[in-house]
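Reader: I have a construct to think about at the bench. Please take me closely through one part of the fold, and keep it brisk.

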Amino acid sequence: MGRDLVCNRIRINGIVQGVGFRPFVFQLASELKIKGEVSNTSRGVLIIAEAGQERISAFLDQIRSQAPPLSKIVDMEVDQLPPAGHTSFKIVASNGADRRRTLISPDVCVCRDCLRELRNPADRRYRYPFINCTNCGPRYTIIEDVPYDRPKTSMRKFRMCSKCQAEYDDPLDRRFHAQPNACPDCGPRVELRNARQEKVAADDPIRAAAALLADGHIVAIKGLGGFHLAVDATNDEAVSRLRRRKRREEKPFAVMAADLEKINRFAHYSPAEAELLSSRQRPIVLLERKTPPVLAYQVAPRNRYLGVMLPYTPLHYLLLDEDFLALVMTSGNISQEPICIDNHEAFVRLAGIADYFLVHDRDIYLRCDDSVVQCSGTTARFLRRSRGYVPVPVFLSRKVAPVLACGAELKNTVCLTRNDRAFLSQHIGDLENLEAENHFRKTIEHLQRILDIRPECLACDMHPDYLSTAYALEHNDLPVIRVQHHHAHIAACLAENKVTQRVIGLAFDGTGYGSDGTVWGGEVLVADCKEFTRAAHLEHFPLPGSAAAIRQPWRTAMALLFQVYGNKALELDLPLHRQVEKSALAVAAEMITKKVNTPLTSSMGRLFDAVASLVGLRQEVAFEGQAAMELEMITENQNFGCYPFGWSNPAQGPRIIRLEPMIKALVADICERVPAFVIGARFHATVVELCTRLCVEIGHAYNLSQVALSGGCFQNRILTEGLVAALEKAGFKVLTHTLVPANDGGISLGQAVVAANRLAENNLQRK
């Protein structure tokens with residue numbers, strides 16, 4: 001052996017399994033004449049490398065700089081070992097370990113190489129809808145446990161044929177250890193069934209399904225993370241029929257188109273949006289629709305945006321190759337239920353919705369909805385973080401104890417922490433029924449198993465009636481830390497931005513249980529990732545009918561009118577007085593006067609709803625946030641001035657933002673027949689100016705120069721972009737969400753970091 005021979009043990013942690021990492025290392029070692037071995041472990045990848053120092057240094061540099069596209073190196077530890085006289089470099093079998101530290105890759109779209117083979121009549125996988133390799137295909141949704149090997153995935157029941165096995169065993173092949181590797185001879189198969197579950201005879205079930213879609217039928221299609229319900233997006237009658245059957249009155253449907261050229265026929269997109277659409281994650285991206293509209297109006301009624309995605313599975317490509325402009329691809333469920341993932345479940349739950357079912361026999365282990373993203377300028381912001389992004393962690397500013405955070409009631413996600421990583425689950429949804437609760441519990445069990453995290457405490461919301469809170473309280477063997485809803489919003493924003501110091505936090509949403517037992521939602525906090533002070537909030541106003549006021553914004557509008565005009569509110573000549581039955585208005589007025597079933601709120605979300613009602617846009621909503629969204633849709637992003645505003649500054653307690661000056665001026669505009677788009681612009685400008693001036697005052701009082709924006713209201717582009725610009729002009733550094741949603745989908749991250757910080761403080765105090 002040469003005198004300069006060295007041997008290194010290299011431990012690599014990150015997304016390094018199932019992404020072609022070992023063959024990459026093997027080929028690199030062969031090129032550099034490195035001897036040794038590489039293996040998967042439950043911690044990641046282990047390499048033993050033996051060569052001269054110069055070659056070892058080049059080897060380490062190229063591992064870092066040339067790693068496979070789907071991989072992500074998080075940690076790389078290098079130790080010296082005595083040279084052992086290795087004579088070759090080999091890939092060895094996976095090695096089990098007590099701790100599981102490897103990161104699982106998300107599901108990713110089919111790669112270009114596989115697409116070429118899919119469309120090549122001479123290839124043995126021509127038109128095979130499950131074509132994949134180490135650079136693409138299912139991961140998270142088919143994994144039961146780690147290390148990531150075929151026996152621990154839903155592919156274990158498919159025994160590879162000799163050709164597939166040869167690819168799988170060849171370190172130089174693109175399919176080396178691609179766990180879902182298969183072909184038409186040995187892998188999963190597609191079949192078409194009718195609503196009676198009878199098999200439809202067809203030489204090519206996918207082409208047959210495409211023909212049915214072209215004829216106006218509704219087809220349930222089993223995808224990567226669950227079923228979609230599909231119709232031709234240009235067929236008005238078919239889209240309307242899907243709405244009726246799915247009981248989804250007006251909430252927009254997502255659409256899928258074959259390529260950017262087809263998307264360009266019905267929607268505008270920027271370079272940043274095109275990049276998002278084409279990314280390997282393939283999220284749904286909100287794009288401004290073109291006028292006159294090309295797709296069916298019922299795809300996204302009363303909305304200037306369309307949710308659009310490109311195909312991400314081979315099956316999608318084969319369907320869209322049949323020359324559709326776009327297909328509606330909405331979640332395969334009845335509204336408020338989780339998406340279906342099992343064939344039998346789909347036949348039962350989607351009976352009466354789908355005319356036909358395009359199914360296959362590769363099981364989906366864990367449901368995973370499509371991710372939804374919108375661009376604010378060149379910045380991408382999640383509305384839903386799910387397929388394609390989960391379970392990639394959010395990296396924290398420091399190591400924390402293992403915590404399970406149970407999330408909120410709506411748009412639920414859960415979060416597990418380990419060291420400096422926070423693992424958010426995929427979108428679970430609204431915890432309003434047994435199916436959703438079962439999905440919630442299964443997701444927790446699955447994440448704990450594949451990440452091998454045993455939490456030392458649980459975190460949950462303060463609301464006593466949330467199912468997520470009830471779940472946390474079941475575990476009486478562990479401490480439970482309750483985190484106020486809006487504090488969790490701000491803590492989530494701080495955590496993803498790795499900020500530990502106190503900031504001014506604007507937490508604006510529809511509903512959150514407050515520390516005083518009232519419904520909060522228009523909060524200005526001074527907060528860090530452990531504690532908060534309520535520095536200011538919207539003045540409280542009643543919600544006549546409680547939850548009914550969420551579904552009927554006119555109730556909130558009447559409450560605000562009564563606070564300003566008293567009984568004369570019933571005599572005003574406003575759109576809601578003409579659009580709502582007088583008897584209903586009178587009942588609401590009596591409830592307000594007698595304080596019957598009228599909980600108090602400080603909600604900014606409800607204020608947006610009320611303004612939408614006052615200008616006559618929407619008196620009843622079909623889905624959460626619809627009224628506020630439609631107010632944003634009609635608002636012209638121009639400078640029409642703003643309304644008067646003010647706040648009280650008591651010696652004790654938070655500042656109270658007074659709504660009366662704004663409401664009076666807004667009502668005067670309505671009475672003078674000022675167009676709704678101008679009123680909308682003035683209202684948005686008022687919120688921006690009010691918040692900016694308030695932050696300046698609070699910033700001086702507390703010596704703070706950073707502002708964090710969080711909560712569902714910041715899905716509003718006009719509000720977010722206007723406020724960021726105004727606050728930056730006032731000298732603030734503005735922190736926003738780019739890694740997790742600003743809505744309740746990000747709450748679990750905030751709960752986790754607050755709980756971890758409080759747990760650490762308690763442990764220090766006990767010592």
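**Aromatic rings, then the sheet**

Author: The model is predicted. Searching the whole structure turns up 11 aromatic pairs. Such a pair of rings is described by the distance of the centres and the angle of the planes. Charged side chains also sit on rings. Arg-387 lies over the face of Tyr-312, 3.5 Å from the ring centre. Lys-442 does likewise with Tyr-365, at 4.9 Å from the ring centre.

Now the part to look at closely: the sheet. It is open and built from five strands. Read across, the order is S4-S1-S3-S2-S5, and the pairing is mixed. The edges are held by S4 (72-81) and S5 (89-91). Each has a single partner strand, so one side of each has no neighbour in the sheet. On average, neighbouring strands are turned by 15° against each other, direction ignored.

Follow one edge. S5 pairs with S2, residues 35-41, in the parallel sense. Three bridges join these two strands. Within this part, Glu-37 stands opposite Lys-90 of S5.

Two helices pack on the sheet. Start with H1, residues 21-32. Helix H1 touches S1 (5-15), S2, S3 (44-52), S4 and S5. The direction of H1 makes about 170° with that of S5. Next comes H2, residues 53-65. Helix H2 packs on the sheet by touching S1, S3 and S4. Its direction makes about 150° with that of S3.

To trace this on screen, begin at edge strand S4. Then step through S1, S3 and S2 to S5.

Note on methods. Residues numbered from 1 in each chain as written. Predicted model: local features only at pLDDT ≥ 70, side-chain atom pairs only at ≥ 80, totals over all residues. Heavy atoms only, no water. Phe/Tyr/Trp six-rings, centres within 6.5 Å; stacked < 30°, edge-to-face > 60°. Lys NZ or Arg CZ within 6 Å of the ring centre and 35° of its normal. Pairing = 2+ DSSP bridges. Helix = DSSP H or I, 4+ residues; strand = E, 2+ residues; numbered from the N terminus. Axes fitted to C-alpha atoms, helices over the stretch in contact; angles between N-to-C directions. Contact = heavy atoms within 4.5 Å.
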